[in-house]
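Me: I am new to this structure and would like to know what lies behind the terms used for it. Please take them one at a time.

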Amino acid sequence: MRLLLIGLFMMFSLNAAAIGVDEDRLSIPAQEARAQNIMKQLRCLVCQNQSIVESDAGLAVDLRAIVREQVLAGQSDEQILDFMTSRYGDWILLKPPFKTATLLLWLGPILLLLIGGFLVFRYIRQKPEKAMPPPLNPEEKERLKHIMGDEE
Amino acid sequence: MSVKRFIPLFVFAGIFVAFMIGLTLNPREVPSALINKAPPEFSLPPLEGAGIGLSNNDLMDKENIIIVNFFASWCGPCRVEHPALEQLGKIPGVKLYGIAYKDRPKNSLSFLKSLGNPYSKIGADLKGRAAINWGVTGTPETFILKDGIIRYQHIGPIHDIQMTDNILPTLRQLAKENGS
């Protein structure tokens with residue numbers, strides 16, 4: 001029983017160490033938190049759909065080290081992100097910046113919503129007209145009267 | 001009324017074309033931020049001995065078109081593109097420089113010894129920091145410079161088809177600019 005407990009403890013302690021492994025975390029928690037926040041915004045260019053926090057690719061490890069160095073050197077978040085985009089372009093940012101080249105990307109959903117809204121609006125407006133059956137011709141009227149037993 | 005009926009078809013055609021283009025793009029090709037810009041400041045040690053192996057000064061060549069190739073002995077695709085580099089190194093008016101990316105100099109040297117050394121100068125980027133300043137995401141990666149300005153970036157190994165379709169035409173075009 002004791003052995004089992006020790007074994008379990010060891011398993012969990014190893015796990016704890018394996019989460020977000022980085023040899024050189026910053027000693028001041030506030031600085032480390034700021035560095036982590038910046039890293040979360042940066043795309044790992046090797047694995048592409050992960051941020052550099054989540055990636056173990058060599059380049060991501062290097063970029064993490066650079067972010068920490070720059071945080072330690074007192075650079076602002078903006079300066080660090082600028083450092084990255086000047087080398088790797090806007091593409092390194094997981095959240096693309098709002099500018100003319102990305103106008104369609106950002107406004108596209110709103111545009112589609114407006115188009116969809118317009119079509120729905122038109123459809124609703126038009127419906128009553130369309131729902132009305134064409135008027136009966138005299139022959140049909142006669143038949144209807146007959147069916148309803150409305151003859152005098 | 002009859003045009004309206006074809007609207008879904010037009011929408012479908014539009015989406016179809018967009019996907020045809022979008023899905024055949026190579027996601028590895030990260031759009032370069034350094035095209036038409038000067039390369040970053042760097043100064044790298046040589047593979048052997050002390051001093052400077054490669055630095056900005058080497059790129060300010062007015063006579064030659066410069067090709068800078070990031071490579072590593074541990075990188076498989078670098079072996080694939082090695083014949084292409086040998087070919088590029090022999091073109092008159094072109095200088096080929098190498099930067100060994102995160103590689104032990106000893107290993108880089110034996111790599112070049114077994115395959116041949118196409119580079120006229122080599123710098124050792126031991127920690128990969130120079131590569132990050134160049135916006136390199138991995139080896140191999142190749143830059144073409146003229147008058148100290150980066151004009152073209154090739155990501156991944158240079159296959160024969162890219163040599164004839166991209167690299168050589170770019171070199172020819174840049175050489176033409178020289179004349180004017």
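Reply: A residue counts as buried if 20 or more other C-beta atoms lie within 10 Å of its own. The model here is a predicted one.

Me: What makes helix α6 of chain A lie largely in the open?

Reply: Helix α6 of chain A covers residues 138-148, and of its 11 residues the number buried is zero, so the helix lies largely in the open. After α6(A) comes A:Gly149, with a positive phi near 65°.

Me: Why is α2(A) called oblique to α3(A)?

Reply: Helix α2 (residues 29-40) and helix α3 (residues 58-72) of chain A pack with their axes 9 Å apart, at an angle of about 135°. Angles over 145 degrees count as roughly antiparallel and 65 to 115 as roughly perpendicular, with the rest oblique apart from those under 35. The angle of about 135° therefore makes α2(A) oblique to α3(A). The crossing of α2(A) past α3(A) is right-handed.

Me: Which residues make that contact?

Reply: From α2(A) they are A:Gln31, A:Arg34, A:Ala35, A:Ile38 and A:Met39, and from α3(A) they are A:Arg64, A:Val67, A:Arg68, A:Val71 and A:Leu72. By class, six are nonpolar, one is polar and three are charged.

Me: How do you know whether chain B matches a compact globule in its radius of gyration?

Reply: For 180 residues, a compact globule would have a radius of gyration near 16 Å, but chain B has 20 Å. The C-alpha atoms of chain B fill a box of roughly 80 × 40 × 30 Å along the principal axes. Of the residues of chain B, 36% count as buried.

Technical notes
Residues numbered from 1 in each chain as written. Chains lettered and ligands numbered in written order. Predicted model: local features only at pLDDT ≥ 70, side-chain atom pairs only at ≥ 80, totals over all residues. Buried ≥ 20, exposed ≤ 12 C-beta atoms within 10 Å, placed from the backbone. Helix = DSSP H or I, 4+ residues; strand = E, 2+ residues; numbered from the N terminus. Axes fitted to C-alpha atoms, helices over the stretch in contact; angles between N-to-C directions. Left-handed = near helix turned anticlockwise from the far one by under 90°. Contact = placed C-beta atoms within 7 Å. Nonpolar A, V, L, I, M, F, W, Y, C, P; charged D, E, K, R; others polar. Rg over C-alpha atoms; globule rule 2.2 N^0.38 Å.
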